[in-house]
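Got the viewer open? Here is a short tour, one selection at a time.

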Amino acid sequence: MNLIFCGTPQFAVPTLQALIREGFAIQLVVTNRDEPSGRGYEPRPSPVKRLAEERGLVILHPARLRDRWTQVFLSGFQPDVIAVVAYGHIFPPWMIDLPRLGCVNLHASLLPKYRGAAPIPWAIIRGERITGVSTMKMDAGLDTGDVLLQREIEIADEDTTETLSERMSALGAEKEVARRVRGLRPWPGAYTRFRGKTLQLWSATAVEVGTSGAMESGALVAEGGRLLVGCGHSTVLEIREAQLADRKRMSARDFLNGVRLAAPEKLGP
């Protein structure tokens, strides 16, 4: 799947990292221009631009999205999806209509609450105890499109905009592997690879482990009869039932008894 990614601040970085890690073809990164910062007031790139440069991605920072040149340039990529996280600019109609599957935006509130700018500060100022992130399909309105996914997070008494933003950015980037397993059952099924063979995942759930327990994406670990897979962040996937090619469907415990995991092992091609 070919993507264009639009984002600027640190809040958008974990999502771009997750897309890169998952192997999406990121054709272009659109971000704000370098802005003066620091004591010397020297122009500095945005956090998203720094990551894109590190990964060798093509970067564009247009002055205006409504420029004819910008439209012609972006249209040449023919993306399947435009992923948007805190980009900070309103899309013109041609850009919303450009990708084959639409524009998908990660917004830092539980929509329809706190549409528009600064949703995190306003959630704190208004005394909210719960906020979250919403993944939505963009339309011509301001954060009015259909909501695809939402995840909640508690606002602690000591939270500031900075600390809450950091936790919410990681929340928005987390992969929805457990939901894919459920959504693809019984047909066509969720599959991966293990020791060169096809492994079908029949049942799985997401488990929060915190940043200290984060595991490398795809890492496979046995822990007290549980079969855990790393997702590269504070969530791991616990496989409850699986079926290896040429074998019957079985519980995680029976699977582990049969395969005898050697450390380290990984799922995937």
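For this tour, a salt bridge is a side-chain nitrogen of Lys or Arg within 4 Å of a carboxyl oxygen of Asp or Glu. Keep in mind that you're looking at a predicted model.

Select aspartate 34 and lysine 49 to begin. Their closest N and O atoms sit 3.0 Å apart, and that makes a salt bridge. The pair ties together distant parts of the chain: aspartate 34 lies in the loop between strands S2 (25–30) and S3 (35–37), while lysine 49 belongs to helix H2 (residues 47–54), 15 residues away. Now show the surface. Lysine 49 is buried, at 9% relative accessible area, whereas aspartate 34 is partly exposed at 32%.

Next, pick lysine 113 and glutamate 128. Here the closest N and O atoms of the salt bridge are 3.2 Å apart. Lysine 113 is in the loop between strand S7 (103–107) and helix H5 (119–125), and glutamate 128 is in the loop between H5 and strand S8 (130–137). Lysine 113 counts as partly exposed, with 45% relative accessibility; glutamate 128, at 18%, counts as buried, because the cut-off for buried is under 20%.

Step along to arginine 129 and add aspartate 157. Their side chains meet in a salt bridge, 2.6 Å from N to O. Arginine 129 sits in the loop between H5 and S8, and aspartate 157, 28 residues apart from it, in the loop between strand S9 (147–154) and helix H6 (161–173). Which side of the exposure scale is aspartate 157 on, buried or exposed? Exposed, at 67% relative accessibility, while arginine 129 is partly exposed at 44%.

For a group rather than a pair, select Glu223, Arg226, Glu238 and Arg240, which are linked in a network of salt bridges. The structure holds eleven salt bridges.

Now for a change of scene: leucine 60, in strand S5 (residues 59–60). Leucine 60 is buried, with 9% relative accessible area. Beyond its neighbours within four places in sequence, leucine 60 contacts Leu28, Val29, Val30, Thr31, Trp69, Phe73 and Leu74. Add asparagine 32 too: its C-alpha is 8.3 Å from that of leucine 60, though the two are 28 residues apart in sequence.

Last stop, colour by pLDDT. Among the elements, S5 has the highest mean (96) and helix H7 (residues 177–183) the lowest (55). The chain averages 85, and 90% of the residues score at least 70. Zoom out and you have eight helices and 16 strands, with buried residues making up 43% of the 269 in the chain.

Note on methods: Residues are numbered from 1 along each chain as its sequence is written. This is a predicted model: local features need pLDDT of at least 70, side-chain atom pairs count only at pLDDT 80 or more; totals for chains, interfaces and linings use all residues. Side-chain values use heavy atoms; hydrogens and water are left out. Helices (H or I, at least four residues) and strands (E, at least two) are DSSP runs, numbered from the N terminus. Buried means under 20% relative accessible area, exposed over 50%, partly exposed in between (1.4 Å probe, protein chains only). Contact means heavy atoms within 4.5 Å. pLDDT is the predictor's confidence in each residue, from 0 to 100.
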